[in-house]
Amino acid sequence: MAASCVRTVGSFLGKCTKCSSSINTVATQVLLSRQVCVSSALCRKNLAAAGPEKFTLEYIQKQVEEYEIGKRHLANMMGEDSENFTQEDIDKSIAYLFPSSLFEKRARPLMKHPDEIFPKQRAVQWGADGRPFHFLFYTGKQSYYSLMHDLYGKILKIEKHQDRLRAKGLFSQDAQLISLGPSRWLTKEELELLLVETISTHDYDRFIKLMERMLAMPYSSTEEEFVQRYRRQLEAQSMKQMMPPLEKDENGVAFSTAEGRRKTSDSSVILRDCGSGHITINGQDYLQYFPVLQDREQLMFPLQFMGVLGRFNLECTVSGGGRSSQAGALRLAISRALLSFLSEGDGEAMRQAGLLTPDPRVRERKKPGQEGARRKFTWKKR
Amino acid sequence: MAASISGLLKPWTPRVFLVRWSRYNPYYLEPEVSKEAYSRPETELSAEEKEQRELKALRPIKAATSGVTSSVFDDPVISKFINMMMKHGNKVLAREIMTQTLENIKKKQVEKYHKASEGEREVIECNPYTIFHQALENCKPVVGLASIQKGGKYYQVPIPLTDNRRRFLAMKWMITECQDNKHRRTHMYEKLSQELLAAFGKEGNVIKKKYELHKMAEANRAYAHYRWW
């Protein structure tokens, strides 16, 4: 591994002179005498000592300029409008120009704004005389402690406000708590990103407790804007449902197609609004294909739940898996196809009944040293 | 398949799949299958139920299992009993036994009904589902025993049981009793229907077992203070 390679520059050039006689003979004569010894030990850098790479502000600004210019070039290359080239368009273009089938998404070619690529770093915290700018610098976690300090200052302010109201006789216990709406506190990772420094779980818990304490006080609505900065809105899950489009075939009958998967089964269902209630699976009648009652119950479940049992014709195809997983795949496909015929409230009811979630349970692999996924070999004392 | 699973587990998951526990993120809530729960208007709900509803609107929900439906014929207690009877994953056989048991109970009760005089007819219960539920209720123990170590010795201490534990014990006793203590040549559905009808009438081996457990708990009443929870 630590072999030192002795490269003789002269002999290398000598070989070159055999192929091309254009090299200066004088230079070769001078160089032939020198032997350059290069050991690979010199090339090895002590990476541990270097520490994390520091990016200067100028460097990042240069990267941002390069990114903007590159964005315009990319837009021109793709024939798109360079003014309104969004990040999604960039991603699509890069995926088109550099197709990669790597499984790890983070290893694929990437073009994003430098703010998202380079980790946020702190500027130097002390001046030319060596004195730190922030008064809490020597705590080691200055942003966190200054945040806690500000928060406590706000609590004291609210208490003072309460005292003033009490003195005037206008204090009422159940006044104006902050209405937060559907939202959650920032997670520890997000808070670390905001403060640009690491905090422990203990610190994070204390922060949340202090926030909750402030929220519980009456007249805390004065600090609503401050609190909202540390909360994220939760959007309703029903917004995330993908509804299959409603199409019409030649006879004017409305139909929709959807797919479903469960374990190793794949199914595809065409739901037609005919009014007869026939069900065909892989060309066979459903009574023939599923002789077991439980599987037929699973097929009927979404239709029975919505009360539209006799209304739709189902034309299904299913492959793979066993009888129960095929029934589950069909159930998911039917529920998805049904979404396009129903209102939003009904769709939400189906989601809450568990009909629209693909079941993530799959067969657990067998592990080495055990007989099955969980079963261990018979334990013998000797 | 992997793509669809990774789509489920955002944004509150660790990157590593939890293999030893549930495949679902703990953020997911249980599904509510009955139709009546969704038809109740806003005015009838208490504050807690309103909060529950709002929470359900924001959180992802687990998929419904393949044993439950929204049909009127679906009974969670009977499904649990079928699962407990099932051996080596043979759900078809377990379900077959259950339907035969219920049919058998109905047959016996209807026979009894027709043979009985006018006055007795009102008392005879013919619905096999009510008989099953009532028999199970009669088999449920009220207190159980726990083995607690104190001063080097193990004592049997009477403890209160949760609802789930009581139901589990009743079902387990019923099934083991039918499997072990009956004549070998009778079918399982026959054994079960006999035992269920006996439990409905507060007789039979399972009821006896429950009373024995209660007597043991009463006898060990002195050690009740060893329980610390």
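Colleague: How many residue pairs are in polar contact between chain A and chain B?

Modeller: The count is 16 residue pairs, both partners at pLDDT 80 or more. Keep in mind that this is a predicted model. On the chain A side, β6 (254-262), α13, α14 (323-339) and α15 (344-352) each bring at least two residues to the face that touches chain B. Of these, α13(A) gives the most, with 7 residues.

Colleague: What makes up the side of chain A that touches chain B, in terms of nonpolar, polar and charged residues?

Modeller: The split is 13 nonpolar, 12 polar and 15 charged. In residue numbers, 40 come from chain A and 36 from chain B. Gln294(A), Gln352(A) and Pro360(A) together supply 19% of the area that chain A buries against chain B, more than any other three residues.

Colleague: And what is the area buried between chain A and chain B?

Modeller: About 3300 Å², with carbon and sulfur atoms giving 55% of that.

Colleague: How many salt bridges are there between chain A and chain B?

Modeller: Just 1 salt bridge is counted between these chains. The partners are Glu297(A) and Arg95(B).

Colleague: Why is the Glu297(A) and Arg95(B) pair called a salt bridge?

Modeller: The closest N and O atoms are 3.1 Å apart. The cut-off is 4 Å between a Lys or Arg side-chain nitrogen and an Asp or Glu carboxyl oxygen, so the pair qualifies.

Colleague: How do you know that the pair joins two chains?

Modeller: Glu297(A) sits in helix α13 of chain A while Arg95(B) sits in helix α5 of chain B, so the bridge runs from one chain to the other.

Colleague: Why is Arg95(B) called partly exposed?

Modeller: Its relative accessibility is 22%. Buried would need under 20% and exposed over 50%, so a value in between gets the label partly exposed.

Colleague: Let's stay on α13. Why is Asp295(A) called buried?

Modeller: Asp295(A) has a relative accessible area of 1%, and the bar for buried is under 20%. This residue lies in helix α13 (residues 293-306) of chain A. Leaving aside neighbours within four places in sequence, Asp295(A) touches Phe290(A), Arg323(A), Ser324(A) and Ala327(A).

Colleague: What makes the side chains of Asp295(A) and Arg323(A) a polar contact?

Modeller: The two are joined at 2.9 Å, and the limit for a pair of N or O atoms is 3.5 Å.

Colleague: Over to helix α5 of chain B. Why does Gln109(B) count as buried?

Modeller: Gln109(B) comes in at 4% relative accessibility, again set against the cut-off of under 20%. Its helix, α5, covers residues 91-115 of chain B. Beyond four places in sequence, Gln109(B) is in contact with Ile124(B), Glu125(B), Cys126(B), Ile131(B) and Leu197(B).

Colleague: What makes Lys182(B) and Glu195(B) a salt bridge?

Modeller: Their closest N and O atoms are 2.9 Å apart, and the cut-off is 4 Å. The pair links distant parts of the chain: Lys182(B) is in the loop between α8 (163-180) and α9, and Glu195(B) is in helix α9, 13 residues apart.

Colleague: Are these two residues buried or partly exposed: Lys182(B) and Glu195(B)?

Modeller: Lys182(B), at 23% relative accessible area, is partly exposed. Glu195(B), at 3%, is buried.

Colleague: Why is Lys140(B) called buried?

Modeller: Its relative accessible area is 13%, and anything under 20% is called buried. Lys140(B) meets Glu137(B) in a salt bridge at 3.2 Å, N to O. Glu137(B) counts as partly exposed at 42%.

Colleague: Now the backbone. What is the phi of Lys263(A), which is not a glycine?

Modeller: It's positive, about 50 degrees. Lys263(A) is in the loop between β6 and β7 (265-272) of chain A, and with 41% relative accessible area this lysine is partly exposed. In chain B, Lys202(B) has a positive phi of about 60 degrees without being a glycine. Lys202(B) is in the loop between α9 (188-200) and α10 (205-219).

Colleague: How is chain A divided into domains?

Modeller: Domain 1 is 66-117, domain 2 is 142-233 and domain 3 is 247-353. The C-alpha centres of domain 1 and domain 3 of chain A lie 40 Å apart. For chain B, the division is domain 1 (5-58) and domain 2 (76-226), with C-alpha centres 33 Å apart.

Methods: Residues are numbered from 1 along each chain as its sequence is written. Chains are lettered from A and ligands numbered from 1 in the order in which they are written. This is a predicted model: local features need pLDDT of at least 70, side-chain atom pairs count only at pLDDT 80 or more; totals for chains, interfaces and linings use all residues. Side-chain values use heavy atoms; hydrogens and water are left out. Domain bounds come from an automatic or database domain assignment. Helices (H or I, at least four residues) and strands (E, at least two) are DSSP runs, numbered from the N terminus. Buried means under 20% relative accessible area, exposed over 50%, partly exposed in between (1.4 Å probe, protein chains only). Contact means heavy atoms within 4.5 Å. A polar contact is a pair of N or O atoms within 3.5 Å; within protein, one must be able to donate a hydrogen and the other to accept it, and residues adjacent in sequence count only if both atoms are side-chain atoms. Buried area is the accessible area (1.4 Å probe) that two parts lose on being put together, summed over both. Ala, Val, Leu, Ile, Met, Phe, Trp, Tyr, Cys and Pro count as nonpolar, Asp, Glu, Lys and Arg as charged, and the others, Gly among them, as polar.
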